[in-house]
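Please walk me through this structure in plain terms. I would like to know what surrounds the ligands, how the chains meet and how the interior is built.

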Amino acid sequence: MTTVTLDAKDFKSEVHPDWCPGCGDFGVLNCLQRALAELGILQHQVAVISGIGCSSNLPGFINTYGMHTLHGRSLPNAQGFKLAHNDMHVIAVGGDGDGYGIGVGHLVHALRRNIDMSYLVMNNSIYGLTTGQTSPTSGEGMKTKSTPFGNPEAPLNPLTLALGSGASFVARAFSGNPKQAIEIYKAAIQHKGFALVDTFSPCVTFNKVNTAQFYRDNTYDLNAEGHDPSNLMKAMEVASRDTYGDRIATGIFYQSQRPCYEESEKDTLSTPIVDHILGISPERAAELIANFK
Amino acid sequence: MSTKQEILTGAELIARGAIDAGVDFFAGYPITPASSIYSAMLSKLQATGKVAIGASDEISAIAMCIGASMRGAKTMTATSAPGLCLMTENISHAFVTESPVLIALGQRLGPSTGAATQSHEGDISFLQHIIAGGYTIPVIAINSIFNSYSLTIKAINISEKLRTPVVLLSEKDIIMSATNVSVSALEQEKQRAVFINRPYFNFESDEIYKTYNFNQINEIPEFLAAGIGTKHRVVATGSLHDKKGTLSKTSTEALEVLEHLNAKIKNNFEDLYDLDEESGANTLIISFLASDLSAKEAIKKARKENLKVSQLTIYSLFPVPEKIISELTTRYQTIIIPEVNFSGQYADAIMHLINKAKVIKINSQADLIKPERIYKEIKNAL
Ligand SMILES: Cc1ncc(C[n+]2csc(CCOP(=O)(O)OP(=O)(O)O)c2C)c(N)n1
Ligand code: SF4
Ligand SMILES: [Mg+2]
């Protein structure tokens with residue numbers, strides 16, 4: 001048997017990303033490509049499935065199977081895909097609007113369902129593609145096209161939401177810190193269950209508050225500070241304390257070994273549906289035909 | 001008379017029309033090209049102290065409008081086809097609960113996510129059949145940037161008068177394009193406009209209030225906002241109900257309520273159109289939306305060359321203005337219908353009303369129809 005080793009560039013597609021120069025999503029794409037290469041996963045073993053948004057264009061730029069679905073609907077598509085073909089790595093990707101706004105209902109159920117897949121959210125606290133409206137993670141008071149007098153709503157905390165919804169893997173990365181992001185993506189892909197990674201991925205065009213410099217100045221690595229990712233209550237505490245403000249935690253907050261959906265449904269899901277033998281056995285067919293004689 | 005001009009987009013004029021007509025509640029979710037209306041409403045309406053909110057998705061946006069409408073607000077949302085798909089269930093709900101709400105639909109090329117920045121007139125058939133059960137909601141089509149203002153007012157009036165959701169139909173090239181508008185001409189439109197409110201029930205009356213009351217099948221039930229006074233209970237439901245709003249599966253009264261939903265629109269709707277007839281013409285153009293402007297260009301050129309041609313511009317696409325179409329088309333030999341979709345959706349919707357005349361559809365997929373194509377057909381028809 002020959003083994004093939006891939007490089008990040010093997011995961012580049014022939015389409016050049018149409019993101020604005022400097023967009024944080026370039027970093028996420030690079031880190032994902034490197035994580036896959038470093039894990040020794042081959043292109044045909046991966047499907048990247050997105051919703052709609054600037055960030056959701058990512059499947060077009062990575063040389064794997066891809067689905068660009070509807071705004072907010074990446075997760076049900078990805079879960080269906082995974083259940084029909086459970087020997088592939090399924091990675092859902094998209095934006096904060098896509099995943100925490102219009103699609104948030106799907107996220108809650110995906111977290112508690114715990115299918116073995118990953119979900120990378122490129123969080124820029126803005127709707128980028130529609131040219132800059134307030135998103136569920138925009139800060140209070142933020143002025144955008146949709147909140148010309150300042151955002152009156154409190155931002156959603158994706159990590160406490162996930163931890164409270166039965167998540168088995170919760171992490172946060174920053175596209176400007178590729179070393180850490182690659183390690184987190186690798187852990188998420190290898191995790192047996194649903195892995196949520198919220199990644200700060202600044203929008204250079206429409207968000208002048210949550211910039212790369214802002215995250216460089218205000219983030220710290222909680223794992224380097226000795227955080228124990230098996231402690232749910234501790235994870236909750238850090239996530240609620242260090243998400244907005246000037247001390248923002250990144251790293252793996254929580255990881256549990258609770259059985260994933262496929263393990264609980266072994267009987268039906270042990271063989272991918274695509275590998276199921278169609279029809280009925282010749283003996284059973286003969287029996288049925290005999291009934292009509 | 002002032003000669004002052006302003007540069008305005010269709011979206012800005014829709015927002016002005018809506019605010020002048022008394023819209024005091026807007027909820028929306030961004031989507032190109034309807035975001036232009038969303039942005040205009042969010043900045044303008046909030047500035048006047050009214051409610052304008054960016055919802056987390058289109059389902060929430062329209063449901064917020066229905067809730068506010070029950071409280072007596074004049075409500076509006078804006079979207080494009082992907083959002084319209086999500087709103088569909090709630091539009092049916094607004095229809096059955098007789099809740100006025102204006103849905104400003106900025107068309108773009110579909111299906112699915114399609115092409116956000118490409119113009120289209122392709123949601124016509126979808127809108128014709130958008131209510132499960134085969135009912136019609138009014139669809140008012142905007143044909144020019146300038147007319148965006150007064151047609152918005154008319155659409156809101158219809159929604160209020162008939163207590164029904166109404167679709168205000170436009171497309172990218174109208175709402176996102178700007179033109180110079182004469183300030184005094186706009187002021188004249190405002191002076192001419194009438195502003196209609198839904199029929200109200202007197203909250204001090206001793207008569208028992210019924211949310212969906214009518215004597216004649218085509219009457220519009222009087223509205224009482226939930227929370228006004230202490231005498232009456234107001235209940236709304238999207239389940240089959242009697243006049244009071246009590247769940248009732250197949251009672252005679254419940255079936256009568258269903259029949260009334262159709263009858264109230266059919267019998268109270270006033271068709272909106274303009275007719276430009278030229279005596280001696282054998283060719284009639286039936287047009288609407290931005291294609292109407294292409295037709296006007298073509299007609300100008302044809303008439304300069306003494307080619308005779310008439311034009312029927314339809315604003316109320318649905319309910320179909322059957323009377324004018326069937327009467328008028330008997331007098332012409334050729335009917336030309338231009339529209340930016342591949343099959344001629346509106347032509348198909350009115351075909352059964354055209355008896356003898358030859359129908360020529362002019363269609364295009366993603367670009368406005370060039371006046372030259374319509375002109376050629378006018379010439380060919382002679
Ligand atoms: C049903 C529906 N509604 C609205 C839109 C328009 N739309 C496209 S992307 C988007 C928001 C994108 O924000 P986010 O998910 O944060 O992605 P980003 O562009 O910031 O990466 C919206 C509102 C759509 N495509 N479909
Ligand atoms: S608009 Fe913002 S999110 Fe979209 S590509 Fe440009 S920088 Fe990135
Ligand atoms: Mg975003």
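Around ligand 1 there are 27 residues, of which A:G53, A:H71, A:G95, A:G97 and A:G128 come nearest. This is a predicted model, and in it ligand 1 lies between chains A and B. Both chains contribute elements to the shell: β3 (89-95) and α3 (96-102) of chain A, and α4 (81-96) of chain B, each supply at least two residues. By class, the shell around ligand 1 divides into 12 nonpolar, 12 polar and three charged residues.

Ligand 2 is surrounded by residues of chain A, namely A:W19, A:C20, A:C23, A:D25, A:C54, A:N124, A:G128, A:C203, A:V204, A:T205 and A:F206. Seven residues of this shell are nonpolar, three are polar and one is charged. A:G128 appears here and is also listed among the residues that come nearest to ligand 1.

The two chains also touch each other directly. On the side of chain B, 14 residues are in contact with 16 residues of chain A. Helix α2 (residues 35-47) of chain B provides the largest share of that side, with five residues. The residues of chain B that touch chain A comprise nine polar, four nonpolar and one charged.

As for confidence, the model scores ipTM 0.91 and pTM 0.94. Chain B has a mean pLDDT of 96, and 100% of its residues reach 70 or more.

The interior comes next. The largest nonpolar core has 111 residues, and those with the most contacts inside it are B:I37, B:M41, B:C65, B:A104, B:A141, B:L168 and B:L169. Apart from this core lies another of 59 residues, among them A:L32, A:V170, A:A173 and A:F194. Within the 111-residue core, B:L168 can serve as an example: leaving aside residues up to four places away in sequence, B:L168 touches B:L102, B:I103, B:A104, B:L105, B:I140, B:I142, B:L151, B:T152 and B:A155.

B:C65, one of the core residues with the most contacts, is also among the buried residues of helix α3 of chain B. This helix, residues 58-70, has 13 residues and reaches 19 Å from its first C-alpha to its last, close to the 18 Å expected at 1.5 Å a residue. Because 11 of its 13 residues are buried, α3(B) is largely enclosed by the rest of the structure. The buried residues are B:E58, B:S60, B:A61, B:I62, B:A63, B:M64, B:C65, B:I66, B:A68, B:S69 and B:M70. The cover over them includes strands β2 (25-28), β3 (51-54), β4 (75-79) and β5 (101-107) of chain B, together with α4 of that chain. Just after α3(B), B:G72 takes a positive phi of about 105 degrees.

Helix α6 of chain A (residues 178-190) has 13 residues and reaches 18 Å from its first C-alpha to its last, close to the 18 Å expected at 1.5 Å a residue. Its buried residues are A:Q180, A:A181, A:I182, A:I184, A:Y185, A:A188 and A:I189.

Is B:E372 buried or exposed? This residue is found in helix α13 (residues 371-380) of chain B. B:E372 counts as exposed because 11 other C-beta atoms lie within 10 Å, and the cut-off for an exposed residue is 12 or fewer. The C-alpha atoms of B:E372 and B:A295 are separated by 9.2 Å, although the two residues are 77 residues apart along the chain.

Technical notes: Residues are numbered from 1 along each chain as its sequence is written. Chains are lettered from A and ligands numbered from 1 in the order in which they are written. This is a predicted model: local features need pLDDT of at least 70, side-chain atom pairs count only at pLDDT 80 or more; totals for chains, interfaces and linings use all residues. Two residues are in contact if their C-beta atoms, placed from the backbone, lie within 7 Å. Helices (H or I, at least four residues) and strands (E, at least two) are DSSP runs, numbered from the N terminus. Ala, Val, Leu, Ile, Met, Phe, Trp, Tyr, Cys and Pro count as nonpolar, Asp, Glu, Lys and Arg as charged, and the others, Gly among them, as polar. pLDDT is the predictor's confidence in each residue, from 0 to 100. A nonpolar core is a set of buried Ala, Val, Leu, Ile, Met, Phe, Trp, Tyr and Cys residues joined through C-beta atoms within 7 Å. A residue is buried if 20 or more other C-beta atoms lie within 10 Å of its own, exposed if 12 or fewer, and partly exposed in between; C-beta atoms are placed from the backbone. A residue is near a molecule or strand if its C-beta atom, placed from the backbone, lies within 6 Å of it. The expected span of a helix is 1.5 Å times one less than its number of residues.
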